[in-house]
Amino acid sequence: MDFPMHDPAAAAALAPCTLSTEDVFEGPEKKLEVYFRTSVSQPSGFRQYGAEAWSELLSLAACTILNQRSNDHCDAYLLSESSLFVFADRVILKTCGTTTLLLVLPRLLEMAATAGAALERLQYGHLRYKFPQLQLYPSRSHDEERAYLVAMFGEGVHALTVGPADGCCWHVLAVEGRAAVAAPRPLPAQLNKWQMALPSLAGEDILEVAMEGLSAEVCALFGFERGPDGKDVAGWGPLPDGALARAMTTSCGLADLLPGALIDDWAFEPCGYSMNALAGPYYYTVHVTPEVAFSYASFETNDPRFRAADLVERVVGCFSPSVVTLTLTSRDGTHRLPAYSRRDFERTAASAPTIEHKPLGNGAAVSYATYRAAERRAGLPLVRSFCDGALGLAAVPTPTASPEEA
């Protein structure tokens, strides 16, 4: 049976928290994807720019670079608020909190002009804000975000909202350049192990998994909360620099989920976690806001394998959320999320997903699915309500997956 979007339990999980502005943090990220056609004379495109140039741009969004990892395809930057991925022909930037992401666009277009790159497509979107009243210009409303893009690019800004307006809706805006309808680039003739048996346009579509209402155990895992005895709840104890982030990556299951990937992780004080990972042409990024009253985690990748139900469930199992929202943004509109069923998520005891698929501009499309935890029979105990502190956790064992299941 489909999940009724006006279910009282779900409404409680999504209701605004009655907390002061000093007590809260907006976990759901704004995300900007900008695709360009690079110049033949400057094939390195945006990768010709180093950390100093990106730091200047990021200052416009009120965030900074913490660390960097690179491979042959991408430069990945961990930020004070989320992540930046720089390819030769595209820039993917996501920022959480009250960052002013759209304000980077004029500078980014200046960098594109210097690099001889022509705009193909721009997409901007985010899950509905938990605390919209705290956002700053130009993100105080979806209408204001659209108006900002219209002022820059004219009336040809496509706007789309998927999901229920009073629930976990996802807002998307898109702008298409003159080259947007050009034929996609072919895949290399030689496919490595990360590209075997993948559809065309592999790496061009982006899957996002937004999770809210994390279990209390997961929240403790990503923080430094102290118990009555003065010891940290997660039991980390003193660890050398960097070791805590690595311990979090391993303990939640992400390390097993991304074997062989180049991982860059970061533990924030007093709580919070971010991770970037690279594997061939694919990127992966995770961000966790672990405060129980408004907990949130996100997973994002351009790796097509992660659309499979078993991998989606493994991602969700790392965080034990109450509510899960998935989106797949397809540049050519031909790919969509699978027709997930309740049986696909038996181990995480999820309800049957509500699924939508809508066009976005000329050729692109967004697939959307949302579901909630119906029972607590797998993984860590799940939080029913994360706004009023009524956790009501059940003591259930954590099953051990077999190598075949993993």
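This report walks through the sheet, some backbone details and the cysteines of a predicted model.

**The sheet**

Let's start with the strands. Eight of them, or 8 strands by the count, build an open sheet with antiparallel pairing, and their order across it is S2-S3-S4-S5-S1-S6-S8-S7. The edges belong to S2 and to strand S7 (157-162); each has a single partner strand, so one side of each is left without a neighbour in the sheet. From one strand to the next, the twist averages 15°. A helix also joins the picture: H2 packs on the sheet and touches S2, strand S3 (75-79), S4 and S5, while its direction makes about 135° with that of S2. As general background, strands of a sheet pair through backbone hydrogen bonds, in either a parallel or an antiparallel way.

Within this sheet, the pairing of S4 with strand S5 (residues 90-95) can be followed in detail. The two run antiparallel and are joined by 4 bridges. Here Phe-85 stands opposite Ile-92 in S5.

**Positive phi values**

Two residues other than glycine have a positive phi, and their surroundings are worth a look. For Ala-62, phi is near 65°. This alanine sits in the loop between helix H2 (51-59) and strand S2 (65-70), that is, in the connection that leaves the helix just described. Is Ala-62 buried or exposed? Its relative accessibility is 53%, so Ala-62 counts as exposed.

Ser-82 has a phi of about 90° and belongs to strand S4 (residues 82-86). With a relative accessibility of 1%, Ser-82 counts as buried.

**Cis peptide bonds**

If you plan to check omega angles, here are two cis peptide bonds to look up, each placed by its proline.

| Cis bond | Omega | Location of the proline |
|---|---|---|
| Tyr-137 to Pro-138 | about 5° | loop between strand S6 (118-127) and helix H4 (142-153) |
| Glu-269 to Pro-270 | about 5° | loop between strand S10 (262-267) and strand S11 (273-279) |

**A threonine between loops**

Thr-100 ties several of these places together. It lies in the loop between S5 and helix H3 (105-114), and at 10% relative accessibility Thr-100 counts as buried. Which residues does Thr-100 touch, not counting residues up to four places away in sequence? They are Leu-60, Ala-61, Ala-62, Leu-136 and Tyr-137. Two names in that list have come up already: Ala-62 has the positive phi near 65°, and Tyr-137 is joined to Pro-138 by a cis peptide bond.

**The cysteines**

How many disulfides does the structure hold? The number is 0. In general terms, a disulfide is a covalent bond between the sulfur atoms of two cysteines. Why is Cys-168 without such a bond? The closest cysteine sulfur, in Cys-169, is 8.0 Å from the sulfur of Cys-168, which is too far for a bond. Cys-168 counts as buried, at 1% relative accessibility.

Cys-252 is in no disulfide either, and its nearest cysteine sulfur is that of Cys-318, 4.9 Å away. For a disulfide, the two sulfur atoms would have to be within 2.5 Å. Cys-252 has a relative accessible area of 9% and is buried.

Methods: Residues are numbered from 1 along each chain as its sequence is written. This is a predicted model: local features need pLDDT of at least 70, side-chain atom pairs count only at pLDDT 80 or more; totals for chains, interfaces and linings use all residues. Side-chain values use heavy atoms; hydrogens and water are left out. Buried means under 20% relative accessible area, exposed over 50%, partly exposed in between (1.4 Å probe, protein chains only). Two strands pair if DSSP finds at least two bridges between them. Axes are lines fitted to C-alpha atoms, for helices over the stretch in contact, and angles run from 0 to 180 degrees between N-to-C directions. Contact means heavy atoms within 4.5 Å.
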